[in-house]
Amino acid sequence: MNVGIVATFFVAAGLVATGCFAAVWRRDLTAALAAIPLMFAGVGIAFVGVARFAAAGGPQLFGQEFAVILAIAATALVALGLGIAGREASR
Amino acid sequence: MDSLHAIGFYVSSGVSLAGGLGVALLPSRDQRGISVGVLGLGLAGVYLSLSAGLAAIVALVCYLGCAAMFASPQYRRLETVVSGTWRQVGAIAAGALLAILAYSAFRGDFVHASFYGGTFGAANLGRVFFAHDAVATEAVAALVFAALAGAAAVWRARERSR
């Protein structure tokens, strides 16, 4: 049993596509916001996979760095989106 | 990568994909919040099996925070006016996106490199964050601060208008 960059990209593609599906399928706009961390998770896995398996000729940790930034940005976006959606819904 | 890491990777991938499907399909906010938490758990496992321990901890904390926000009783529904036809077209487009991404991952010719970092790598990652990319880190911190301050302001305005 082995893991390579292709397996990592498959998982990333699954998460990104599931996030796109959730974003378009949900009638509730607030629930569709949950697609943001989902898609960011897929992108983060792709970056970490590249950092682990294919980062040749440069610093290897850029992918991990970007994954950390994506996770933090996803949380901030969800907080802002839920705040705005809650305000609009109470009008 | 040894067998233990590979098993961890595949199990965590299954957990994160199950959490993603829960986010997309489960009806209530509690279930959706739990699904986001499961997604974060699986994501942390994937990062850990890919030797990104610090990213795993940060992702776990961030996604558990997202789960708490989605499961919060202050959650409000906001209905969209998109018709069912467009939603179905969007769902088919998401399937097509999955097919394109999976095909390009399968057919791509990627460079293979050896990884010399440790499992956790906090010191090296910190060096990248605060020495090499300090300006980018500051910019992201400012962005996150603005977003959280905006969210707090919006919540306060909403509570005041009640």
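This is a walk through the two chains of the model, stop by stop, with something to select at each one.

**Before you click**

You're looking at a predicted model: local features need pLDDT of at least 70 and side-chain atom pairs count only at pLDDT 80 or more, while totals for chains, interfaces and linings use all residues. Residues are numbered from 1 along each chain as its sequence is written, and chains are lettered from A, with ligands numbered from 1, in the order in which they are written.

**Stop 1: chain A on its own**

Hide chain B and colour chain A by secondary structure. You should find 4 helices and 0 strands, running α-α-α-α from the N terminus. Helices here are DSSP runs of H or I with at least four residues, strands are runs of E with at least two, and both are numbered from the N terminus.

Turn the chain around: the C-alpha trace of chain A spans about 55 × 25 × 20 Å along its principal axes. Its radius of gyration is 16 Å, against near 12 Å for a compact globule of 91 residues. That radius is taken over C-alpha atoms, and the globule rule is 2.2 Å times the number of residues to the power 0.38.

Now for burial. Of the 91 residues of chain A, 73% count as buried. The cut-offs: a residue is buried with 20 or more other C-beta atoms within 10 Å of its own, exposed with 12 or fewer, and partly exposed in between, with C-beta atoms placed from the backbone.

**Stop 2: chain B on its own**

Swap over to chain B. This one has 6 helices and 0 strands, in the order α-α-α-α-α-α. Its radius of gyration is 20 Å, well over the 15 Å from the globule rule for 162 residues, so chain B is more spread out than a compact globule. The C-alpha trace spans about 55 × 40 × 25 Å along the principal axes, and buried residues make up 30% of the chain.

Try colouring 1-73 and 122-162 separately: those are domain 1 and domain 2 of chain B, with bounds from an automatic or database domain assignment. Taken over C-alpha atoms, the two domain centres are 22 Å apart.

**Stop 3: three places inside chain B**

Select Gly22(B), which is in helix H1. This glycine is buried, with 21 other C-beta atoms within 10 Å. Leaving out residues up to four places away in sequence, Gly22(B) touches Gln31(B), Ser35(B) and Val38(B). Contact means that the C-beta atoms, placed from the backbone, lie within 7 Å.

Next, go to Ser51(B), in the loop between H2 and H3. What is the phi of this residue, which is not a glycine? Ser51(B) has a positive phi, about 65 degrees. The residue is also buried, with 21 other C-beta atoms within 10 Å.

Then jump to Gly95(B), in helix H4. With 13 C-beta neighbours inside 10 Å, Gly95(B) is partly exposed. Draw a C-alpha distance to Ser3(B) and you'll get 31 Å, for two residues 92 apart in sequence.

**Stop 4: where the chains meet**

Show both chains again. Here 69 residues of chain B are in contact with 65 residues of chain A. On the chain B side, H1 (3-25), H2 (29-49), H3 (53-70), H4 (84-107), H5 (122-132) and H6 (134-161) each give two or more residues. H1(B) gives the most, with 11.

The chain B side divides into 48 nonpolar, 14 polar and 7 charged residues. Nonpolar covers Ala, Val, Leu, Ile, Met, Phe, Trp, Tyr, Cys and Pro; charged is Asp, Glu, Lys and Arg; the others, Gly among them, are polar.

Zoom in on H3(A), residues 35-53, next to H2(B). The axes of these helices come within 11 Å and cross at roughly 5 degrees. That makes H3(A) roughly parallel to H2(B). The axes are lines fitted to C-alpha atoms over the stretch in contact, with angles from 0 to 180 degrees between N-to-C directions. Under 35 degrees counts as roughly parallel, over 145 as roughly antiparallel, 65 to 115 as roughly perpendicular, and the rest as oblique.

Show side chains for Pro37(A), Leu38(A), Ala41(A), Ile45(A) and Val48(A), which meet Val36(B), Leu39(B), Leu43(B), Val46(B) and Tyr47(B). By class, that contact has 10 nonpolar, no polar and no charged residues.

Last stop: Val154(B), in helix H6. This valine is buried, with 20 other C-beta atoms within 10 Å. Leaving aside neighbours within four places in sequence, Val154(B) is in contact with Gly83(A), Ile84(A) and Arg87(A).

Definitions and conventions: Two residues are in contact if their C-beta atoms, placed from the backbone, lie within 7 Å.
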